[in-house]
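Student: I should like to work through this protein by question and answer. May we begin once the sequence and the structure are in view?

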Amino acid sequence: MHSKGKVAVITGAGTGIGKSVALAFLADGYSVALAGRRREALEQVAAQSGAGARALPVPTDVADPASVKALFDTVKSAFGRLNVLFNNAGVNAPGIALEDLTFEQWKNVVDINLTGAFLCTQQAFRLMKDQDPRGGRIINNGSISAHAPRPNSAPYTCTKHAITGLTKSTSLDGRKYDIACGQIDIGNAATEMIARAAKGVPQANGEIAVEPLMDVDHVGRAVLHMASLPAEANVQFMTIMATKMPFVGRG
């Protein structure tokens, strides 16, 4: 497939899953707004892609409504339309007991993981419903945590469960504007965030265990596949995970 002329916004594009997805989209011909908090990381992704002006770094704080609006205004000005939004930006809280989490630690995760995805979705709706041709596609990064928690992960798990609700609401409310929405739930892609799994992570029974990982580029290709479908088809939910990670069954 080749997507010359199509435009995507990818949040959290400077590292990890966002970087992998951005590189996959750019290699396929998309113009991509690379959104993230660190300009240097975004510029490195743009340079690595070799895509020239099709890779547009846009430093963005997804938890800030004004910053999100500026991102989408920039996309409209630079590219004229939007075909795909990948809501990927996310953070975690320290892996400490639920009762020891501070309000600030809770709020930071909610503001970025959930409110940030909502703010980007809202701006995407406003752009997609008024463009010609109308419509587009929104893909949310859910995570395996949208189904099952790890120990000491209440803020992250709560936001990822909430992303599933946002995905369903977006799918329903987007119908009248020809906007499709799906969710990809990712388990143990080898990124900086999950690198500790190679050394051992807490399990539900209290043990520490090394978990299998998969190459993060499998995720980039999977999101690109979701984005490549024609308007009449949608991957509502996809789970992509390291084959032998302890998720299915009882560990």
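Student: How many disulfides does the count come to?

Tutor: The model is a predicted one. A disulfide is a covalent bond between the sulfur atoms of two cysteines, and a pair of sulfur atoms is counted here if they lie within 2.5 Å. The sulfur of Cys120 is 13 Å from the closest cysteine sulfur, which belongs to Cys181, and this is too far for a bond. By this rule the number of disulfides is zero.

Student: Is Cys120 buried or exposed?

Tutor: A residue counts as buried under 20% relative accessible area. The value for Cys120 is 1%, so this cysteine is classed as buried.
For Cys158 the relative accessible area is 40%, and its class is therefore partly exposed. The answer for Cys120 remains buried.

Student: What is the distance from the first C-alpha of α5 to its last?

Tutor: Helix α5 covers residues 154-174, which makes 21 residues. At 1.5 Å a residue, a span of 30 Å is expected. The model comes close to this expectation, with a reach of 29 Å.

Student: Which elements are included in what covers the buried residues of α5?

Tutor: The residues in question include Pro155, Tyr156, Ile163, Leu166 and Gly174. Also among the buried residues of this helix are Thr159, Lys160, Thr164 and Ser171. Their cover includes α4 (103-128), β5 (136-141), β6 (179-187) and β9 (237-241).

Student: With which residues is Thr157 in contact, leaving aside its neighbours within four places in sequence?

Tutor: Thr157 has its place in helix α5. Its relative accessible area is 9%, so it is buried. Once the neighbours within four places are left aside, the contacts of Thr157 are Ser145, Pro149 and Arg150.

Student: At what angle do the axes of α1 and α2 cross?

Tutor: Helix α1 comprises residues 16-27 and helix α2 residues 39-49, and their axes come within 10 Å. The crossing is right-handed. On the α1 side, Lys19, Ala22, Leu23 and Leu26 meet Val45, Gln48 and Ser49 of α2. The angle of crossing is roughly 35 degrees.

Student: How many nonpolar residues does the contact of α1 with α2 have?

Tutor: The participants from α2 are Val45, Gln48 and Ser49, and they meet Lys19, Ala22, Leu23 and Leu26 of α1. By class, two residues of this contact are polar and one is charged. The number of nonpolar residues is four.

Student: How many of the twelve residues of α1 are buried?

Tutor: The end C-alpha atoms of α1 are 17 Å apart, which agrees with the 16 Å that twelve residues should span at 1.5 Å a residue. Among the buried residues of α1 are Gly16, Ile17, Val21, Phe25 and Leu26. The helix is mostly covered, and the number of its buried residues is nine.

Student: What phi does Gly29 take just after α1?

Tutor: Gly29 has a positive phi. Positive values also occur in residues other than glycine, as in Asn152, with phi near 55 degrees, and in Asn188, with phi near 60 degrees. For Gly29, the value is about 110 degrees.

Student: Is Asn188 buried or exposed?

Tutor: Asn188 lies in the loop between β6 and β7 (201-202). Asn152, in the loop between β5 and α5, has a relative accessibility of 42% and therefore counts as partly exposed. For Asn188 the relative accessibility is 5%, so the class is buried.

Student: Which residue does a cis peptide bond join to Asp132?

Tutor: Omega of this bond is about 0 degrees. The partner of Asp132 is found in the loop between α4 and β5. That residue is Pro133.

Student: What separates the C-alpha atoms of Gly135 and Asp100?

Tutor: Gly135 is found in the loop between α4 and β5, and it is buried because its relative accessible area is 4%. Beyond four places in sequence, Gly135 touches residues that include Arg81, Met128 and Tyr177. Gly135 and Asp100 are 35 residues apart along the chain, and their C-alpha atoms are separated by 44 Å.

Methods. Residues numbered from 1 in each chain as written. Predicted model: local features only at pLDDT ≥ 70, side-chain atom pairs only at ≥ 80, totals over all residues. Heavy atoms only, no water. Axes fitted to C-alpha atoms, helices over the stretch in contact; angles between N-to-C directions. Helix = DSSP H or I, 4+ residues; strand = E, 2+ residues; numbered from the N terminus. Left-handed = near helix turned anticlockwise from the far one by under 90°. Contact = heavy atoms within 4.5 Å. Nonpolar A, V, L, I, M, F, W, Y, C, P; charged D, E, K, R; others polar. Buried < 20%, exposed > 50% of the residue type's maximum accessible area, 1.4 Å probe, protein only. Expected span 1.5 Å × (residues − 1).
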